[in-house]
Amino acid sequence: VSEFDKIYNDAQRQGRISFYMTSRGEEAASVGSAAALQPSDMVLPQYRELGVFFWRGMTMAEIANQLCANALDRAHGRQLPLHTGSAERNIIYVKSTLGTQCPHAAGVAYSLKQGGGERVAICYLGEGTSSEGDFPSGLNIAAVHGCPVVFFCRNNGYAISTSSSDQYAGDGVAPRGPAYGLPTIRIDGNDLLAVVAATQRARAIAIEQRRPVLVEAMTYRIGAHSTSDDDSAYRNPHAPEQGWDSERAYWEARSPIIRFGRYLQSLGWWSPQMEEDLRKATRKQVIKSLNDASAAPKPNNAYLFSDVYDEPSWLQRDQEAALNAHLDKYPEHYPAVVR
């Protein structure tokens with residue numbers, strides 16, 4: 001996740017892709033929670049769940065194709081970068097509209113409950129999403145109807161351009177869970193093992209008691225919200241403790257990758273050389289995925305109008321005809337269009 005983020009964030013700056021969002025500082029939240037789930041569990045991501053995608057078996061090539069919006073992208077280039085999903089891996093596609101995954105997750109979990117068995121839905125969100133009206137609605141619907149869903153909140157300190165201190169006056173997101181009747185767990189979101197354990201417990205409660213659970217993982221967003229964001233305009237420049245240059249430097253030293261790496265080293269299972277070797281090998285894979293995806297052709301123009309309705313509406317047919325007439329008239333202006 002870390003190396004993939006570095007390469008594709010740079011690729012956006014180079015103009016090779018249009019948009020990107022890193023998971024810097026929050027890797028444990030996605031990877032740890034994904035490790036605690038079963039492959040049959042339904043995932044409703046937000047947009048910072050690259051670790052979940054990789055854990056579920058999505059390849060670098062698949063995600064690269066989506067980021068580059070090429071002909072191999074299953075969404076045919078019609079989604080924002082990193083707004084991906086996979087039906088066969090039980091991952092619902094990411095939506096840009098903030099918070100809509102919360103009531104969707106309640107509905108998905110209700111369906112799983114009706115079907116019996118031991119499956120849950122997990123809904124990922126940030127503390128910024130908890131300020132949206134869809135969040136309390138989703139919690140309340142899930143609680144009233146006994147839906148087996150885990151609402152997993154990554155409280156990373158900042159929404160797109162707003163500190164958590166400007167979003168709420170209470171003690172984070174966790175107190176809202178009991179108010180809606182949800183068992184609630186708050187954890188150190190930078191502790192990979194704590195994330196795994198908490199998600200396992202939340203999943204067990206959701207299955208055994210047929211009720212939703214709220215998990216709040218306290219973490220820190222080291223990177224900008226996205227490549228469209230200037231976080232220097234709103235990030236706290238002061239360090240929480242003496243001896244640090246800034247808030248960011250303080251948290252970079254406490255990143256989940258560093259912490260878990262030191263833990264593994266203390267057991268004799270890991271070393272700085274192994275870390276370097278793995279990063280080098282991964283970096284080569286990531287660069288190859290970017291080069292291959294960049295070289296692939298663009299999706300066929302016809303996909304602009306397909307997969308929306310079972311039968312195209314008259315409006316779609318008229319729009320497609322108008323676009324094709326325009327392309328026929330000015331082909332020299334659109335050399336990259338595939339038809």
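**Close-up 1. Cysteines without a disulfide partner.** Cys-147 is buried, its relative accessible area being 1%, in a model that is predicted. The count of disulfides in this model comes to zero, and Cys-147 accordingly takes part in no disulfide, the nearest cysteine sulfur being that of Cys-123 at 12 Å. Cys-123 is buried as well, with a relative accessible area of 0%. For the count of zero disulfides, Cys-123 offers a second example, since the nearest cysteine sulfur to Cys-123 belongs to Cys-102 and lies 4.0 Å away, whereas a disulfide would need the two sulfur atoms within 2.5 Å.

**Close-up 2. The surroundings of Phe-152 in the largest nonpolar core.** The largest nonpolar core of the model holds 41 residues, and Phe-152 is listed with Phe-4, Tyr-8, Tyr-20 and Ile-63 as having the most contacts inside it. Helix H4 supplies the largest share of this core, namely five residues. When the neighbours within four places in sequence are left aside, the residues in contact with Phe-152 include Ala-29, Ser-33, Ile-122, Cys-123, Tyr-124 and Leu-125, and also Val-195, Thr-199, Val-215 and Ala-217. Another core, of 21 residues, lies apart from the largest one, and among its members are Ala-105, Ala-142, Phe-151 and Leu-214.

**Close-up 3. A tilted ring pair between two strands.** The model contains ten aromatic pairs. In one of them the ring centres of Tyr-124 and Phe-152 are 5.5 Å apart and the ring planes stand at 55 degrees, so the pair is classed as tilted. Tyr-124 belongs to strand S2 (residues 121-126) and Phe-152 to strand S3 (residues 149-155), so that the pair links distant parts of the chain, 28 residues apart. Both Tyr-124 and Phe-152 are buried.

**Close-up 4. A stacked ring pair and the cluster around it.** The aromatic pair formed by Tyr-220 and Trp-251 is stacked, with 5.4 Å from centre to centre and 10 degrees between the planes. Tyr-220 is placed in the loop between strand S5 (213-218) and H9, while Trp-251 is part of helix H9, and the pair therefore ties together parts of the chain that are 31 residues apart in sequence. The two partners fall into separate accessibility classes, for Tyr-220 is buried at a relative accessible area of 4%, while Trp-251 is partly exposed at 26%. Through ring pairs, Tyr-220 and Trp-251 are linked with Tyr-158, Tyr-234, Trp-244 and Tyr-250 into a cluster. Charged side chains also meet rings of this cluster: the charged end of Arg-235 sits over the ring of Tyr-158, 5.1 Å from its centre, and the charged end of Arg-254 sits over the ring of Tyr-250, 3.7 Å from its centre.

**Close-up 5. Salt bridges between parts distant in sequence.** The salt bridges of the model number 22. In one of them, Glu-252 pairs with Arg-24, and the closest N and O atoms are 3.0 Å apart. Glu-252 is found in helix H9 (residues 247-252) and Arg-24 in the loop between helix H1 (2-13) and helix H2 (27-35), so this pair ties together parts that are 228 residues apart in sequence. Glu-252 is partly exposed, with a relative accessibility of 31%, and Arg-24 is likewise partly exposed, with 36%. A further salt bridge joins Glu-62 to Arg-89, where the closest N and O atoms are 3.0 Å apart. This pair, too, links distant parts of the chain, with Glu-62 in helix H4 (residues 60-68) and Arg-89 in the loop between H4 and helix H5 (101-115), 27 residues apart. Glu-62 counts as partly exposed at 22% relative accessibility, whereas Arg-89 counts as buried at 18%.

**Close-up 6. A salt bridge inside one helix, and a network of shared partners.** Asp-292 forms a salt bridge with Lys-288, and the closest N and O atoms of this pair are 2.6 Å apart. Both residues belong to helix H11 (residues 272-295), where Asp-292 and Lys-288 are four residues apart, about one turn of the helix. Asp-292 is partly exposed at 42% relative accessibility, while Lys-288, at 52%, counts as exposed. Elsewhere in the list of charged residues, Glu-3, Lys-6, Glu-275, Arg-279 and Arg-283 are joined into one network by salt bridges that share partners.

Methods:
Residues numbered from 1 in each chain as written. Predicted model: local features only at pLDDT ≥ 70, side-chain atom pairs only at ≥ 80, totals over all residues. Heavy atoms only, no water. Salt bridge = Lys/Arg side-chain N within 4 Å of Asp/Glu carboxyl O. Buried < 20%, exposed > 50% of the residue type's maximum accessible area, 1.4 Å probe, protein only. Phe/Tyr/Trp six-rings, centres within 6.5 Å; stacked < 30°, edge-to-face > 60°. Lys NZ or Arg CZ within 6 Å of the ring centre and 35° of its normal. Core = buried A, V, L, I, M, F, W, Y, C linked by side-chain atoms within 4.5 Å. Contact = heavy atoms within 4.5 Å.
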